[in-house]
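Grab a pencil and work through these exercises with the structure open beside you. Try each task before you read its solution.

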Amino acid sequence: MSTTATNKQVIFRDYVSGFPKESDFEFTTTTVELKVPEGSNSVLVKNLYLSCDPYMRIRMGKPDPSTAALAQSYPVGQPIIGYGVSRVIESGHPDYKKGDLLWGFVGWEEYSVITPMPNNHFKIHHTDVPLSYYTGLLGMPGMTAYAGFYEVCSPKKGETVYVSAASGAVGQLVGQFAKMMGCYVVGSAGSKEKVDLLKTKFGFDDAFNYKEEQDLNAALKRCFPKGIDIYFENVGGKMLDAVLLNMNLHGRIAVCGMISQYNLQDQEGVHNLSSIIYKRIRIQGFVVSDFYDKYSKFLEFVVPCIKEGKITYVEDVAEGLEKGPEALVGLFHGKNVGKQVVVVARE
């Protein structure tokens, strides 16, 4: 057997300001040794699926002390790193053997050498579901929806729930979890196709296209005549301004992401903040990695839901590593319908 293989890679060319472009990445081919160094605890994996996620934009900026604790900048000239699903080719690690499947941080390349770390890499035990789901529903985005909704929002049956970017990897699940709790759920998205998906496929009670609304405050009043108890925040900006005017007494806002701000040189300020006082609103930011200790509990809950057809999940699949940059850049223009996945190899 040959001890080396060609390894296609997506290289990060330089720090990004403004919207990322495909030219910020470079496609190269190198070679990789198909074995791990003697005595090391590293693992050689073949990458099958890669995940495109909005937080990756934060890692494309120049190193910034304010985000460093959460998302360190990508090293220039190296493959970008993200969540992926991979098969073990060779292992020096006691917890992994050849043939095992895992999900976690890997390079955007055909083969990666990783050192598995708790909360960074997870062995895959349920293989009777689509493996790509571990980039989404059964991986980081699924855990984000679960932790954000159940742990941060403290939901109660009958409450009103609003989800922005509702057809994305996280939003589509938050809406379904809220419906399972007996909540009234409305989502917003940026196209007619996505709005239809929210109502017909994900079971949202109502949905609207924010791009067609002249007045977001009026749109929210129309959808929530009795106000909003829970807002699952994915976008920030003017949407948050409007939501604050429509929150109910003791409302909760779980701040998961702010995709409207990631590409701005100067982030927008927030209006209507005094509503927080009058309405005793709790706004809490959260990061999924703080909740990975609940991952096995999450799987016990969600895997049966998938098998029983209680949860549906929509993926937007790009075929081939060379399509990765286009797929990733497309996230910031709303091109993806559902969870954006890149297929590197189906096996």
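**Exercise 1.** Find out whether Arg346 is buried, exposed or partly exposed, and work out where it sits.

*Solution.* Keep in mind that this is a predicted model.

Step 1: look up the relative accessible area of Arg346, which is 49%. Exposed would need over 50% and buried under 20%, so Arg346 comes out as partly exposed.

Step 2: place Arg346 along the chain. It belongs to the segment after strand E15 (339–343).

Step 3: list what Arg346 touches. Once neighbours within four places in sequence are set aside, its contacts are Tyr49, Val317 and Glu319.

Step 4: try a pair of residues. Arg346 and Ser42 have 304 residues of sequence separation, and their C-alpha atoms are 23 Å apart.

**Exercise 2.** Work out how many disulfides the structure has, and why Cys52 is not in one.

*Solution.* Step 1: search the whole structure, and the count of disulfides is zero.

Step 2: check Cys52. The closest cysteine sulfur to its own belongs to Cys256, 17 Å away, and that is too far for a bond. For a disulfide, the two sulfur atoms would have to be within 2.5 Å.

Step 3: do likewise for Cys305. Its nearest cysteine sulfur is that of Cys183, at 15 Å, and Cys305 is in no disulfide.

Step 4: see how accessible these two cysteines are. Cys52 is buried, at a relative accessible area of 2%, and Cys305 is buried too, at 5%.

**Exercise 3.** Describe the surroundings of Cys183.

*Solution.* Step 1: locate Cys183 in the loop that runs between helix H3 (171–180) and strand E9 (184–189).

Step 2: check its accessibility. With a relative value of 3%, Cys183 is buried.

Step 3: collect its contacts, skipping neighbours within four places in sequence. Among them are Phe149, Lys156, Glu159 and Asp205.

Step 4: compare positions in sequence and space. Cys183 and Arg87 are 96 residues apart along the chain, with 39 Å between their C-alpha atoms.

**Exercise 4.** Now do a similar job for Gly236: which loop holds it, and what does it touch?

*Solution.* Step 1: Gly236 lies in the loop between strand E11 (228–233) and helix H6 (238–246).

Step 2: its relative accessibility is 3%, which makes Gly236 buried.

Step 3: leaving out residues up to four places away in sequence, Gly236 touches Gly257, Met258, Ser260 and Gln261.

Step 4: Gly236 and Leu328 are 92 residues apart in sequence, and 20 Å lies between their C-alpha atoms.

**Exercise 5.** Explain what stands out about the phi angles of His250 and Arg280.

*Solution.* Step 1: recall the background. Residues other than glycine mostly have a negative phi.

Step 2: read off the angles. His250 has a positive phi near 60 degrees, while Arg280 has a positive phi near 50 degrees.

Step 3: place both residues. His250 is in strand E12 (residues 247–255), whereas Arg280 is in the loop between helix H7 (275–278) and strand E13 (282–285).

Step 4: add accessibility. His250 is partly exposed at 48%, and Arg280 is partly exposed at 48%.

**Exercise 6.** Zoom out and sum up the whole chain: how many helices and strands does it have, and how compact is it?

*Solution.* Step 1: count the elements, which gives nine helices and 15 strands.

Step 2: compare sizes. The radius of gyration is 21 Å, and the globule rule gives 20 Å for 347 residues; the two are close, so the chain is as compact as a globular protein of that length. Its C-alpha trace spans about 65 × 45 × 35 Å along the principal axes.

Step 3: look at burial and contacts. Buried residues account for 55% of the 347. Of the contacts between residues at least 6 apart in sequence, 69% join residues at least 24 apart.

Step 4: finish with surface and charge. The accessible surface is about 15,500 Å², with 52% of that belonging to carbon and sulfur atoms. There are 36 positive and 38 negative side chains, and the centres of these two sets are 5 Å apart.

Key. Residues numbered from 1 in each chain as written. Predicted model: local features only at pLDDT ≥ 70, side-chain atom pairs only at ≥ 80, totals over all residues. Heavy atoms only, no water. Buried < 20%, exposed > 50% of the residue type's maximum accessible area, 1.4 Å probe, protein only. Helix = DSSP H or I, 4+ residues; strand = E, 2+ residues; numbered from the N terminus. Rg over C-alpha atoms; globule rule 2.2 N^0.38 Å. Contact = heavy atoms within 4.5 Å. Areas by Shrake-Rupley, 256 points an atom, 1.4 Å probe, with all protein chains shown as cover. Lys, Arg positive; Asp, Glu negative; His and termini not counted. Charge placed at Lys NZ, Arg CZ, Asp CG, Glu CD.
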